[in-house]
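Let's take a walk through a protein chain together. Have a look at the sequence and the model first, then read on.

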Amino acid sequence: MPVATLTISSRNYSSWSLRGWLVCRMAGLDFETEVLPGDDASTRAELLHLSPSFLVPRLVHGEIEVWDTLALSQYLNETYPDAGFLPKDPVARARCRSISGEMHGGFINLRSALPMNLRARHTDFKIFNGARGDIERVITIVEDCLSRYDGPFLFGTRPSLADAMFAPVCTRFQTYGVPLPGKVAAYRDTILAWPLMVEWTEAAAAEPDEIEELDMEF
């Protein structure tokens, strides 16, 4: 039996659920995934940006209960220090923490204007100025990390916490056909081909139809 339970909302729509699931898998945690129904009030509040705080993803691990993706990742980093969430070099480690925190607390215009939807594909999508600033900042971060640490991930040859935090943005770039410079496009493709992302995306494609009505509200 799995030793932990991770509660998420939607695989197709929830960027925070994706991040929480990724860090649990990266840690090697033995867990089962519980998906809240589409009509659950907290699920809809999260997906439609109606609340400033959410209780998913939520991990129950023995007597420990922890929610919020960044808090969850910090707990897993303490519990599984060999998981490689953070680079060993202190300078790189500080940068990894910083850009992960920036993604956790910022990019509000990008989240609102380009909501995560793994099954959708849009051509000629109109990106408004507010979201453009967020996209340009993501491009700057990715280009800087790739130039410093040689890729293919943000801090070298293996995924880090930062890659888990930036992964949902890569799906948005694909969904909305966002034009990207060559190195950033290559990073997007690296993330989308990451076996954990492929597994999540396949599960999202099989998500029950009951939640598809959210497309109308987006």
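Is Glu-199 buried, exposed or partly exposed? With a relative accessible area of 37%, Glu-199 is partly exposed. Keep in mind that what you're looking at is a predicted model.

## The overall layout

Let's zoom out. The chain has 10 helices and four strands, and from the N terminus on they come in the order β-α-β-α-β-β-α-α-α-α-α-α-α-α. Of its 218 residues, 51% count as buried. The accessible surface comes to about 10400 Å², and 52% of that belongs to carbon and sulfur atoms.

Now for contacts across the sequence. Take the contacts between residues at least 6 apart in sequence: 74% of them join residues at least 24 apart.

## Strand E1 and its partners

Find strand E1, residues 4-8. Four of its five residues are buried, so the rest of the structure largely encloses E1. E1 pairs with strand E2 (residues 31-35) in the parallel sense, over five bridges, and Leu-6 stands opposite Thr-33 there. Add helix H1 (residues 15-26), and E1, H1 and E2 make up a right-handed β-α-β unit.

E1 also pairs with strand E3 (residues 58-61), this time in the antiparallel sense and over four bridges. Here Thr-5 has Val-60 as its bridge partner.

## The nonpolar core

In soluble globular proteins, nonpolar side chains tend to be buried together. In this model, the largest nonpolar core has 64 residues, and Leu-59 and Leu-76 have the most contacts inside it. Several elements each supply at least two residues of this core, among them E1, H1, helix H3 (69-79) and helix H6 (129-149).

Try clicking on Leu-59: residues it touches include Leu-6, Cys-24, Leu-72 and Leu-76.

## Salt bridges between helices

There are six salt bridges in total. In one of them, Glu-199 meets Arg-25, with the closest N and O atoms 2.8 Å apart. Glu-199 sits in helix H9 and Arg-25 in helix H1, so this pair ties together parts that are 174 residues apart in sequence. Like its partner, Arg-25 is partly exposed, at 31% relative accessible area.

Next, look at Asp-144 and Arg-95, whose side chains meet in a salt bridge (3.2 Å, N to O). Asp-144 lies in helix H6 and Arg-95 in helix H4, so the pair ties together parts 49 residues apart in sequence. Arg-137 forms a salt bridge with Glu-102, at 2.8 Å between the closest N and O atoms. That pair also links H6 and H4, with the two positions 35 residues apart in sequence numbering. Finally, salt bridges with shared partners join Arg-95, Asp-144 and Arg-148 into one network.

Terms used. Residues numbered from 1 in each chain as written. Predicted model: local features only at pLDDT ≥ 70, side-chain atom pairs only at ≥ 80, totals over all residues. Heavy atoms only, no water. Buried < 20%, exposed > 50% of the residue type's maximum accessible area, 1.4 Å probe, protein only. Pairing = 2+ DSSP bridges. Right-handed = clockwise from strand over helix to strand, strands pointing away. Core = buried A, V, L, I, M, F, W, Y, C linked by side-chain atoms within 4.5 Å. Contact = heavy atoms within 4.5 Å. Areas by Shrake-Rupley, 256 points an atom, 1.4 Å probe, with all protein chains shown as cover. Salt bridge = Lys/Arg side-chain N within 4 Å of Asp/Glu carboxyl O. Lists of a residue's contacts leave out its neighbours within four places in sequence.
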